[in-house]
Amino acid sequence: MEDKTVDAIYIATPDHWHAPMTIMGCQAGKHVYVEKPVSHNPHEGELAVHAARKYKRIVQMGAQRRSSPLAIQCVNELHGGIIGRVYLAKTWYTNTRKSNNFTPGKVPSWLNYDLWQGPAPRKPYLDGLIHYNWHWTWDYGTGEALNNGTHEVDLARWGLGVDLPTRVTSVGGRYQFKDDWQTPDTQIITMDYPGRVSLVWENRSSNGRKIEGSDRGVIFYGDNGSLDTDGEEYTLYDLNGKVVKQIKKEGAAADAGLDGRNTASPSLGLDSLHVANFLDCIRDNKTPNCDVELGHKSVLAMQLGNISWRLGRDLHLDPKNGHILNDAEALKLWTRTYAPGWVPKV
């Protein structure tokens with residue numbers, strides 16, 4: 001942060017560090033590439049957007065499909081009316097994650113556990129939490145909804161041409177195992193948007209049966225047909241489900257593919273395009289393909305889904321800013337409890 005010769009930072013930390021580090025980067029004069037989700041909670045997402053604008057920094061969220069030539073082509077076709085008025089997007093993610101239990105342990109010599117916790121409340125160290133399984137705890141992670149769902153929901157929201165929902169609801173639970181997961185392994189989040197449009201995300205973290213032959217994907221439904229995509233290749237159907245057109249990747253791109261169960265990145269072949277877009281925007285002072293505000297809108301929808309699930313009820317929202325209406329208990333989950341001295345400020 002103090003090195004003036006460093007122009008940009010790339011954040012691939014646990015979720016609870018994403019927004020605080022984004023804010024700190026902007027304040028230090030750095031441009032920021034931050035992996036999804038852009039924030040741990042809705043309040044932090046708003047702060048990240050505010051920091052990017054206040055300090056005039058380029059902030060790109062890692063929704064790599066935004067830089068895929070075929071995904072851009074697909075969305076342009078949807079917006080051009082290829083299946084008529086698009087009114088529903090169904091998205092999904094499946095995996096075969098195993099049971100996780102955490103046990104009291106000794107902090108490894110290589111780990112600065114106090115710094116790793118950062119803004120989160122201080123808790124005793126647990127074996128099995130680091131490096132990956134923090135995803136399933138509310139102190140540090142955001143569950144599968146934000147771990148993987150962000151990718152599909154961002155693409156779906158982009159294709160639907162919607163901003164912020166009017167209502168969000170979620171059902172599900174930790175059904176496959178009885179262990180130390182706090183977040184659901186089985187979850188459905190439904191979002192209603194203005195203009196008679198809905199978006200659905202289905203997750204089965206521990207049951208790997210594919211949907212429509214894919215471990216993850218998006219289907220758009222319109223009044224003249226439907227369109228399936230994994231975020232790159234796509235297939236167009238008429239109202240009777242007959243294939244009308246298929247768009248496939250060619251050459252080297254066809255070999256790269258999407259690996260929905262890669263824990264580092266589901267789209268390694270797209271990372272380079274998305275990072276290149278970020279660097280181009282720094283050089284030319286342009287808005288990146290997944291600007292922080294676009295990322296925040298997609299992340300917020302899923303964060304609201306998690307809040308709905310934790311409370312067991314619908315959330316009604318102001319579609320101008322995504323804020324929760326008339327629910328004081330839900331508003332408590334709009335932000336989080338911070339360790340003393342770690343409250344993020346812009």
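Rings of Phe, Tyr and Trp (its six-membered ring) pair if their centres lie within 6.5 Å. The model is predicted.

Q: How many aromatic pairs does the count come to?
A: Ring centres within 6.5 Å make a pair. By this rule the count comes to 9 aromatic pairs.

Q: Is the aromatic pair of Tyr-33 and Phe-278 stacked or edge-to-face?
A: The centres of Tyr-33 and Phe-278 are 5.7 Å apart, with 75° between the planes. Planes over 60 degrees apart count as edge-to-face. So the pair is edge-to-face.

Q: How many residues apart are Tyr-33 and Phe-278, which link distant parts of the chain?
A: Tyr-33 lies in strand 2 (residues 31–35). Phe-278 lies in helix 8 (residues 268–284). Both residues are buried. Along the chain they are apart by 245 residues.

Q: What kind of aromatic pair do Tyr-113 and Trp-116 form?
A: Both lie in helix 4 (residues 113–117), 3 residues apart, about one turn of the helix. Their centres are 6.1 Å apart, with 20° between the planes. Planes under 30 degrees apart count as stacked. The pair is therefore stacked.

Q: Why does Trp-116 count as buried or exposed?
A: Buried means under 20% relative accessible area. Tyr-113 counts as buried because its relative accessibility is 8%. Trp-116 has 11%, so Trp-116 counts as buried.

Q: Which residues form one aromatic cluster with Tyr-113 and Trp-116?
A: Tyr-113 and Trp-116 form a stacked pair. The cluster that holds them also takes in Tyr-125 and Tyr-140.

Q: Which residue lies over the face of Trp-138?
A: Over the face of Trp-181, at 3.9 Å from the ring centre, lies Arg-174. For Trp-138, the distance from the ring centre is 4.3 Å, and the residue is Arg-310.

Terms used: Residues are numbered from 1 along each chain as its sequence is written. This is a predicted model: local features need pLDDT of at least 70, side-chain atom pairs count only at pLDDT 80 or more; totals for chains, interfaces and linings use all residues. Side-chain values use heavy atoms; hydrogens and water are left out. Helices (H or I, at least four residues) and strands (E, at least two) are DSSP runs, numbered from the N terminus. Buried means under 20% relative accessible area, exposed over 50%, partly exposed in between (1.4 Å probe, protein chains only). A charge sits over a ring if NZ of Lys or CZ of Arg is within 6 Å of the ring centre and within 35 degrees of the ring normal.
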